[in-house]
Protein chains: 2
Amino acid sequence: MSQTNLLVAQSGGPTAAINASLSGVIRRALELDGISHVYGALNGISGLLEGKIIDIGSQIRREEDLSLLASTPAMALGSCRQRLPDPEEDDTPYRSAAAIFDRLGIGCFFYIGGNDSMDTALKLSRYFTNIGSDIRVIGIPKTIDNDLPVTDHTPGYGSAAKFVATALTEIINDCRIYTVPAVTIVEAMGRHAGWLTAAAAVPSHFGFSAPDLVYLPEIPFDIAAFLIDVREKLKQHHTVVVTVSEGIKTKDGAFVCSLRCSSKHDAFGHLQLSGAAEYLEQLVKQEIGCKTRSVELNVLQRCASHAASRCDLDEAARIGSDAVDFALGGATGQAAVFTRVSDEPYLVRTDLCDLAKLANLEKTFPLEWIDEKNHFIREEGIRYILPLIRGSVQPAGNGYLPTFFTFDTSEYV
Amino acid sequence: MSQTNLLVAQSGGPTAAINASLSGVIRRALELDGISHVYGALNGISGLLEGKIIDIGSQIRREEDLSLLASTPAMALGSCRQRLPDPEEDDTPYRSAAAIFDRLGIGCFFYIGGNDSMDTALKLSRYFTNIGSDIRVIGIPKTIDNDLPVTDHTPGYGSAAKFVATALTEIINDCRIYTVPAVTIVEAMGRHAGWLTAAAAVPSHFGFSAPDLVYLPEIPFDIAAFLIDVREKLKQHHTVVVTVSEGIKTKDGAFVCSLRCSSKHDAFGHLQLSGAAEYLEQLVKQEIGCKTRSVELNVLQRCASHAASRCDLDEAARIGSDAVDFALGGATGQAAVFTRVSDEPYLVRTDLCDLAKLANLEKTFPLEWIDEKNHFIREEGIRYILPLIRGSVQPAGNGYLPTFFTFDTSEYV
């Protein structure tokens with residue numbers, strides 16, 4: 001691969017760090033002599049197949065462009081939720097992609113996304129290998145859910161976890177100003193994995209007496225026991241703060257939120273959840289009768305760049321940069337992943353891993369880090385999270401509001 | 001008033017700036033030779049009447065304590081929602097207060113709060129005047145709602161408005177990553193006044209194409225027209241972002257949220273609202289059928305010190321400091337208020353105003369600043385808001401999460 005062009009795209013749900021990975025890819029590509037153009041496909045594989053490809057390398061004119069891009073949340077290239085067929089069953093989209101890659105002289109493709117996106121990257125790489133092409137496909141993980149296997153953690157999780165922990169710190173402080181008994185139930189994202197909800201326990205590490213109870217989807221949720229536990233906590237102090245994952249389920253497997261809401265499914269067949277906290281709020285009001293409030297942290301978990309983690313953004317940029325080196329070194333059908341070398345000092349290494357080990361798979365929160373009796377997170381879990389939320393980012397701004405990097409998408413190559 | 005002691009308390013709902021005002025009172029009091037002790041009553045007038053009073057001046061040992069206090073959200077002294085009887089009808093609580101003031105040698109009392117708290121300060125000052133006491137009572141306004149008359153704006157509003165505008169900037173950016181038609185409905189606080197919701201329009205001033213529609217409680221909400229407007233916006237671009245105030249009402253006076261939820265009342269007889277956005281989300285799903293999401297910004301509006309406004313915190317400290325000077329200068333039965341001298345350069349002056357002009361009264365968002373036809377905020381409204389959200393605060397922290405100042409409340413004086 002003497003002289004080549006790179007293509008990068010983003011897919012899945014937003015994070016505050018996904019453009020930091022994009023900035024890492026671009027920065028490294030611009031440093032290397034062997035790369036002529038850095039292209040970006042709009043709206044992931046969907047836009048790629050429609051030929052919606054722009055020259056992003058030429059739009060980076062100054063160092064400030066890269067740092068502004070790195071602190072811009074959500075996907076600067078847009079996203080999609082599209083599943084590709086197996087290339088062995090239907091190679092139509094793959095032939096379209098190959099024609100585009102050929103026309104644009106693309107030697108390496110980087111797909112930044114979650115476990116669904118790793119499936120797309122895996123299929124693309126398999127197709128190229130099957131047809132004897134030397135086009136390299138590398139997955140760059142991202143997800144606020146932190147539910148990808150193999151990698152110690154995913155870029156995007158640290159910032160989302162920092163937002164959750166910061167919001168909880170402020171909500172706990174807010175709750176204790178009144179003297180009347182009150183229960184606040186905070187809902188964090190997490191369909192099947194409790195990583196993000198577990199971050200709500202971090203304030204306790206810094207001396208806060210709350211949250212009192214933290215419920216992850218990894219442990220069946222017992223409604224009767226929940227009411228007993230809340231009553232018990234109310235005896236100890238007048239304000240009780242509970243955090244629940246959107247995906248908590250009863251032991252029969254019913255989502256707690258489904259006890260109130262109609263269920264909807266997204267394009268991947270995943271149930272769209274929300275409302276567990278609101279259901280529990282009504283339950284506590286009815287059964288205990290005290291002042292109760294529910295707070296759904298909602299989309300800010302994935303896009304609040306104003307509360308991003310410095311560690312997360314730096315690592316996201318680094319994994320993007322390392323992915324370029326891996327691809328140029330010959331890797332394909334693999335993803336860049338983090339291996340934690342040590343907690344203190346916190347050290348991670350970027351490694352390669354077969355995409356098949358990530359695609360469509362989920363890593364849940366370790367049961368041994370859950371204190372099931374007290375409905376809390378053990379110190380091992382907190383120690384895992386802490387370095388990932390370390391450091392703040394002074395977001396770029398105009399003095400009033402954050403500012404974001406945007407690509408000119410008017411001209412396709 | 002040769003040598004005297006001061007007492008300060010906080011009441012009503014939290015803001016990110018209410019402790020900045022407290023820090024201003026303490027800082028100025030510690031600078032002046034004529035003041036021996038600065039006391040703080042816990043949980044507002046409720047705790048005061050129970051004698052829950054601590055020596056807060058002696059707990060400030062370093063400059064860092066004051067700056068940490070200033071950036072700590074919610075009430076460091078706790079809050080209450082208690083309405084006092086008219087002193088002419090029942091002077092029991094007033095006699096209790098007078099005995100405590102007498103015992104502690106308190107010459108000036110500062111009550112930091114919203115319009116309900118100004119009612120308490122007014123009644124206290126009237127009682128002291130009626131009995132011929134020279135104890136001075138000064139109100140220091142705070143409320144995220146910005147609904148106090150006379151004052152150009154209230155401390156606490158700027159930080160809440162900055163959080164709303166920042167969240168909207170991030171949510172707008174988050175929404176545009178997909179290509180499928182989608183409607184996002186964001187709900188901001190504001191029972192009868194649309195000040196906070198109006199701040200959602202600020203991103204448009206900085207070139208964002210959204211929010212598309214902004215609905216304040218000042219204008220009756222027409223459900224049929226809303227659906228027509230959303231459909232029209234969806235023709236223009238695929239992602240539509242709408243912001244509504246929690247308190248929007250139909251022309252019959254029914255709260256939109258009450259169309260779905262049971263209504264609750266707080267201690268002051270105010271209806272507790274939430275759920276307008278969720279009702280509209282269901283409506284849009286049903287009537288238009290596109291992807292729809294509702295986001296309730298919830299309590300972070302009042303406690304997100306991590307997104308506080310520099311201007312707001314500085315002004316809140318200043319009005320606290322000025323209140324001390326006003327009281328020592330002989331004022332009583334009055335509140336410190338802001339008068340805006342000019343927009344550019346932004347200049348405000350602290351003035352005095354009779355508490356009767358603030359107590360229990362509400363100032364709504366000016367109708368002439370609302371573009372009723374386009375459901376948006378006119379440039380005059382944006383120009384009013386801009387200086388109040390100027391500047392960021394680097395919150396004090398431990399490298400991971402924000403840290404807060406806490407008083408030792410174990411010993412009453």
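Buried here means under 20% relative accessible area, a cut-off applied throughout these close-up views of a predicted model.

**View 1. Strand β6 of chain B and its covered residues.** Strand β6, which spans residues 182–188 of chain B, is mostly covered, with seven of its seven residues counted as buried. B:Ala182, B:Thr184, B:Val186 and B:Ala188 point one way from β6(B), while B:Val183, B:Ile185 and B:Glu187 point the other way, and all are buried. In a regular strand the side chains alternate between the two faces of the sheet.

**View 2. The strands paired with β6(B), seen around B:Thr184.** β6(B) runs parallel to β8(B), to which it is joined by seven bridges, and it also runs parallel to strand β11 (residues 291–296) of chain B, with six bridges joining the two. B:Thr184 has B:Val241 as its bridge partner in β8(B), and in β11(B) it stands opposite B:Arg293.

**View 3. B:Gly247 in a loop of chain B.** The loop between β8 (239–245) and β9 (264–265) of chain B contains B:Gly247, which is buried, with a relative accessible area of 0%. From C-alpha to C-alpha, B:Gly247 and B:Leu42 lie 31 Å apart in space, and they are 205 residues apart in sequence.

**View 4. Buried cysteines in chains A and B.** The count of disulfides over all chains comes to zero. The closest cysteine sulfur to that of B:Cys353 belongs to B:Cys108 and is 18 Å away, which is too far for a bond because a disulfide requires sulfur atoms within 2.5 Å. B:Cys353 is buried at 5% relative accessibility, and A:Cys257 is likewise buried, with a relative accessible area of 2%.

Definitions and conventions
Residues numbered from 1 in each chain as written. Chains lettered and ligands numbered in written order. Predicted model: local features only at pLDDT ≥ 70, side-chain atom pairs only at ≥ 80, totals over all residues. Heavy atoms only, no water. Buried < 20%, exposed > 50% of the residue type's maximum accessible area, 1.4 Å probe, protein only. Helix = DSSP H or I, 4+ residues; strand = E, 2+ residues; numbered from the N terminus. Pairing = 2+ DSSP bridges.
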